[in-house]
Amino acid sequence: MTQPSHNEVNRQQDLISYFVRLGDDAIVLGHRMSEWVSNGPFLEEDIALGNVALDYIGRARMFYGHAATLSGDGKTEDDFAFLRDEREFQNYLINELPRGDFAYTIVRQLMVDLYNKHFLQALKSSADETLVAIAEKASKETSYHCRRSKSWTLRLGDGTAESHRRMQLAIDEIWGYSHELFETDDLEKRLINTGIAVNCEQLKALWLADIEAVFNEAGLTIPELTWTVRGGRSGYHTEHLGHLLTQMQFVYRSFPGATW
Amino acid sequence: MTTENLELFEVFVRPKRGLDHKHVGSLHAEDKEQALEYARDVYTRRTEGISIWVVKSGDICASQEDDRESFFDPSDDKPYRHATYYPLPKEISNM
């Protein structure tokens, strides 16, 4: 039996890391959305928010589950979700921002859902068949998520003076976190060369056109701010992720192996 | 936010092809598009349906409880309206 070459080991490690960071994006946002359960503005919307949260958590399980299989060292999806610390998480910062008020949640969802629409579409052409399968399943959910966040953006942006004010405020606060969605690091560049990863840089124009169309219709504007926050893909996070993780992980860490 | 500005809708789901739409409950929504989305969320996530109808509750014309006697009683004394009223000929055994 021949030992796998150094290059093959690195390639495998790259692939695992890519699955894990996509899982991180999904679980962190899924957890944020789940905070709305029992706090939703009314019962129907509460259930809808919970359903979207579950879609994202299900997506995280697919990414983590395959990363665990690729690792082949007895790790499970739970190890990735519950036993890693803040610096090991590589999610985009936009996903970890607090849930804020309902306008804030909707603006973040609109930005992320529209990003996912183009990301998943591109992921369907990946050279990795597991990524293709996940993209097929997830993009059906994402078209529903986009419909939801678009119609809420129109309703609130073009609603009362107060709902408009809150929507614009949320956009101004979140916009600076949108830029890193379209940046690639060395890991992704290597995987783009082998046809596995999505080149996010190419998604920006498509995404911006979608956002502009919705904002125009809703009477909202893209801020002329120039600040940018980045760092999620390198494990540098806002102060919010640590708090989120303590809440998400403490049961698993306090009672290892607990089942119910 | 409360539901006082929302409209009430009745939800009908057809569980599979060949079956009828069945009334499953009601919900609050801003308009019919949103009602359809919520109907999917609230009533079909576990047992997937293939078709959903939503109708504004106010648009349903319903019989009144007070009219029950005049609506439904008369047929009680007309047993010949029921198939079981008619004796079957002996030749027919499996009916």
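**Exercise 1. The make-up of chain B**

Among contacts in chain B between residues at least 6 apart in sequence, what percentage join residues at least 24 apart? State also which elements the chain holds and in what order they run.

*Solution.* The structure is a predicted model.

Step 1. For contacts in chain B that link residues at least 6 apart in sequence, the share joining residues at least 24 apart is 42%.

Step 2. Chain B contains two helices and three strands. Read from the N terminus, the order of these elements is β-β-α-β-α.

Step 3. Chain B has 95 residues, of which 13% count as buried.

**Exercise 2. The sheet of chain B**

Determine the strand order of the sheet in chain B and the sense of the pairing.

*Solution.* Step 1. The sheet is open and is formed by three strands in the order E2-E1-E3 (chain B), with antiparallel pairing. E2 and E3 of chain B are the edge strands, since each pairs on one side only.

Step 2. Consider the pair E1(B) and E2(B): seven bridges connect them in the antiparallel sense. Within E2(B), His23(B) stands opposite Phe12(B), and His28(B) stands opposite Leu8(B).

Step 3. Consider next E1(B) and E3(B), which run antiparallel and are joined by six bridges. Arg14(B) has Ser51(B) in E3(B) as its bridge partner.

Step 4. On average, and with direction ignored, neighbouring strands of the sheet in the order E2-E1-E3 (chain B) are turned by 30° against each other.

Step 5. H1(B) packs on this sheet and touches E1, E2 and E3 of chain B. The direction of H1(B) makes about 120° with that of E2(B).

**Exercise 3. Helix H1 of chain B**

Compare the expected span of H1(B) with the separation of its end C-alpha atoms, and identify what covers the buried residues of this helix.

*Solution.* Step 1. H1(B) has twelve residues; at 1.5 Å a residue, counted over one less than the number of residues, the helix should span 16 Å.

Step 2. The end C-alpha atoms of H1(B) are 16 Å apart, so the model agrees with the expectation.

Step 3. The buried residues of the helix are Gln34(B), Ala35(B), Glu37(B), Tyr38(B), Ala39(B) and Asp41(B).

Step 4. The cover over the buried residues of H1(B) includes parts of both chains: H2 (43-71) and H5 (129-157) of chain A, together with E1 (7-14), E2 and E3 (51-56) of chain B.

**Exercise 4. The contact between the chains**

How many residues of chain B are in contact with chain A, and which element gives the largest share of that side?

*Solution.* Step 1. The contact involves 14 residues of chain B and nine residues of chain A.

Step 2. On the side of chain B, the elements that give two or more residues are E2 (22-29) and H1 (32-43). The largest share, six residues, comes from H1(B).

Step 3. Sorted by class, this side of chain B has five nonpolar, four polar and five charged residues.

**Exercise 5. Two helices of chain A**

Describe the packing of H4(A) and H5(A).

*Solution.* Step 1. Two packed helices are described by the angle between their axes and the distance between the axes.

Step 2. H4 (residues 102-123) of chain A and H5(A) pack at an angle of about 145°, and their axes are 8 Å apart. The crossing of H4(A) and H5(A) is left-handed.

Step 3. The residues that meet include Ile106(A), Leu110(A) and Leu114(A) in H4(A), and Ala135(A), His145(A) and Trp152(A) in H5(A). The residues of this contact divide into twelve nonpolar, eight polar and three charged.

**Exercise 6. Three residues of chain A**

Are Leu154(A), Ala213(A) and Ser38(A) buried, partly exposed or exposed?

*Solution.* Step 1. Leu154(A), in H5 of chain A, has 16 other C-beta atoms within 10 Å and is therefore partly exposed. Apart from its neighbours within four places in sequence, Leu154(A) is in contact with Glu217(A) and Ala218(A).

Step 2. Ala213(A) belongs to H8 (residues 204-218) of chain A. Ala213(A) counts as exposed because it has 12 C-beta neighbours inside 10 Å.

Step 3. Ser38(A) lies in the loop between H1 (6-34) and H2 of chain A. With 8 other C-beta atoms within 10 Å, Ser38(A) is exposed. Although Ser38(A) is not a glycine, its phi is positive, at about 80°.

Definitions and conventions:
Residues numbered from 1 in each chain as written. Chains lettered and ligands numbered in written order. Predicted model: local features only at pLDDT ≥ 70, side-chain atom pairs only at ≥ 80, totals over all residues. Contact = placed C-beta atoms within 7 Å. Helix = DSSP H or I, 4+ residues; strand = E, 2+ residues; numbered from the N terminus. Nonpolar A, V, L, I, M, F, W, Y, C, P; charged D, E, K, R; others polar. Buried ≥ 20, exposed ≤ 12 C-beta atoms within 10 Å, placed from the backbone. Pairing = 2+ DSSP bridges. Axes fitted to C-alpha atoms, helices over the stretch in contact; angles between N-to-C directions. Left-handed = near helix turned anticlockwise from the far one by under 90°.
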